[in-house]
Amino acid sequence: MLNNYRIGETSQAAVRYLACEPCIPAIAPISDEPQKHPPQVLARFGDLYGASRPMRQLFRMIARVAPTQANVLIEGESGTGKELVANTIYLMSGHAGEPLVAVNCGAISPHLMEAELFGHERGSFTGAVRSRKGCFERADGGILFLDEVTEMPMDMQIKLLRILETGRFCRVGADTETEVKVRVIAATNRCPKQAVRDGILRSDLYYRLSVFPLQVPPLRERGEDIQLIANVFLERLNREERSAKVFSQASRQFMQTYQWPGNVRELKNAVHRAFILADRELDLTAAMTAPVPAEPTPPAGEEASGCVTLQVGSTLEEAQRRLICATLGHYRGNKTLAAAVLGVSLKTLYNRLKEYEAKPDGAGPPGTSFSSKVA
Ligand SMILES: Nc1ncnc2c1ncn2[C@@H]1O[C@H](COP(=O)(O)OP(=O)(O)O)[C@@H](O)[C@H]1O
Ligand SMILES: [Mg+2]
């Protein structure tokens, strides 16, 4: 994945490192100096592309923290590239031969989470026919990436805090403790301080995790990066398909004015969709508003009006269900787009939809198929 940067080099080397894909010209080294001209060419840092000031600032921070043992808390809206940041830290940590284990806390059902993180002994619960290592043991000596950490139940947060402080934990059903050395990189698309105030993130865990907080900026604040990253995605598709498609002028203008609530993920999907629909010129606007042929879900009720009306006295669960269903309907069943707009991961959206399927109450919008394919 890394072209020029050798694993084990110092953070200084990491700062100098700018790997380039063959089709993308190299850029100037990362510097604090204000740019005289807007950046025209794209920097690549580890797995991340970007040349805007906020991204260069992020690259500098990553270069500083990567070679240390510090825990990192990555904050940013859904689709901004938090997982790529975690990968890049790993690649530049000097321990890239060690394990990197990723787990999405929002995608594991709460009653399975303990066994998933800490492992279990044989016979410790029905179905535990053999003992199994958990994420912490598998990440021993390396990095554990805890995505959507604010979705972790409170009782698990206490256990996580203990392991971060002592390095020790018990497998489910075990009498003795296991010791590991794991660096934790956590990520959240919520504001962690607000999550603490809302009582969904323990403050002690927050302080423990956020030794070094990193903020990944939303795409709408990255200026020309939008076009440059879009070019990267288009180049990749052109290479794969041996084509020479280009963006229309209107698409380029649209890119800069649209707010990209789903950030880079939304941009990537939009480019892919426009690419498939285009003979030669990609029309992003049309691609983003055109109905998905495979999933015709005629707008009706709340989804058509673009509003959700709630009776005071509704439960939060009901409100969430209505908003999710209406958003999904509004985007014609496109789960990727709906998840991006709702600010949750695709997995979280799938989990919610599975719950609604299991417990239908008629709140789903007419014509919305929860089991339909990911768009
Ligand atoms: N700076 C970037 N350069 C290139 N691709 C990016 C960048 N940031 C994100 N992506 C791509 O966007 C998608 C979403 O990134 P991801 O790291 O999963 O976001 P998050 O974890 O914040 O939701 C992935 O396909 C990723 O490869
Ligand atoms: Mg993610």
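In this predicted model, helix α9 packs against helix α11 through a set of residue contacts: I226, I229, A230, F233, L234 and L237 in α9 meet V264, L267, K268, V271, H272 and F275 in α11. The residues of this contact comprise 10 nonpolar, one polar and one charged. The two axes come within 10 Å and cross at roughly 45 degrees. An angle from 35 up to 65 degrees is classed as oblique, and α9 and α11 are therefore oblique to each other. Their crossing is right-handed.

**Helix α9 and its second partner**

Helix α9 also meets helix α10, which spans residues 249–257. Here I226, Q227 and A230 in α9 are in contact with R252, M255 and Q256 in α10. Three nonpolar residues, two polar residues and one charged residue make up this contact. The axes of α9 and α10 come within 9 Å, with a crossing angle of roughly 125 degrees. The pair is therefore oblique, and the crossing of α9 and α10 is right-handed. I226 and A230 of α9 take part in the contact with α11 and are also found in the contact with α10.

Two packed helices are described by the angle between their axes and the distance between the axes. The table sets out these values for the two pairs.

| Helix pair | Axes come within | Crossing angle |
|---|---|---|
| α9 and α11 | 10 Å | roughly 45 degrees |
| α9 and α10 | 9 Å | roughly 125 degrees |

**Helix α11 and its surroundings**

Helix α11 covers residues 263–277, 15 residues in number. From its first C-alpha to its last it reaches 21 Å, close to the 21 Å expected at 1.5 Å a residue. The helix is mostly covered, since 11 of its 15 residues are buried. The buried residues are N263, V264, R265, E266, L267, N269, A270, V271, R273, A274 and F275. Among these, V264, L267, V271 and F275 belong to the contact with α9.

The elements that cover the buried residues of α11 include α9 (225–241), β11 (281–282), α12 (284–289) and α15 (335–342). Within α15 lies L337. This residue is buried, because 24 other C-beta atoms lie within 10 Å, and 20 or more are required for that class. The C-alpha atom of L337 is separated by 8.4 Å from that of N269, although the two residues are 68 residues apart along the chain.

**Two residues with positive phi**

Most residues other than glycine have a negative phi. E148 departs from this, with a phi near 50 degrees. It is located in the loop between β5 (143–147) and α6 (154–166). E148 is buried, because 23 other C-beta atoms lie within 10 Å.

R242 likewise has a positive phi, of about 50 degrees, although it is not a glycine. R242 is in the loop between α9 and β10 (246–247). With 6 C-beta neighbours inside 10 Å, R242 counts as exposed, whereas E148 is buried.

**The chain as a whole**

The chain contains 16 helices and 11 strands. Of its 375 residues, 37% count as buried. Among contacts in the chain with a separation of 6 or more, 72% are between residues 24 or more positions apart.

Key. Residues are numbered from 1 along each chain as its sequence is written. Chains are lettered from A and ligands numbered from 1 in the order in which they are written. This is a predicted model: local features need pLDDT of at least 70, side-chain atom pairs count only at pLDDT 80 or more; totals for chains, interfaces and linings use all residues. Helices (H or I, at least four residues) and strands (E, at least two) are DSSP runs, numbered from the N terminus. The expected span of a helix is 1.5 Å times one less than its number of residues. A residue is buried if 20 or more other C-beta atoms lie within 10 Å of its own, exposed if 12 or fewer, and partly exposed in between; C-beta atoms are placed from the backbone. Two residues are in contact if their C-beta atoms, placed from the backbone, lie within 7 Å. Axes are lines fitted to C-alpha atoms, for helices over the stretch in contact, and angles run from 0 to 180 degrees between N-to-C directions. Angles under 35 degrees count as roughly parallel, over 145 as roughly antiparallel, 65 to 115 as roughly perpendicular and the rest as oblique. A crossing is left-handed if the near helix is turned anticlockwise from the far one by less than a right angle, and right-handed if clockwise. Ala, Val, Leu, Ile, Met, Phe, Trp, Tyr, Cys and Pro count as nonpolar, Asp, Glu, Lys and Arg as charged, and the others, Gly among them, as polar.
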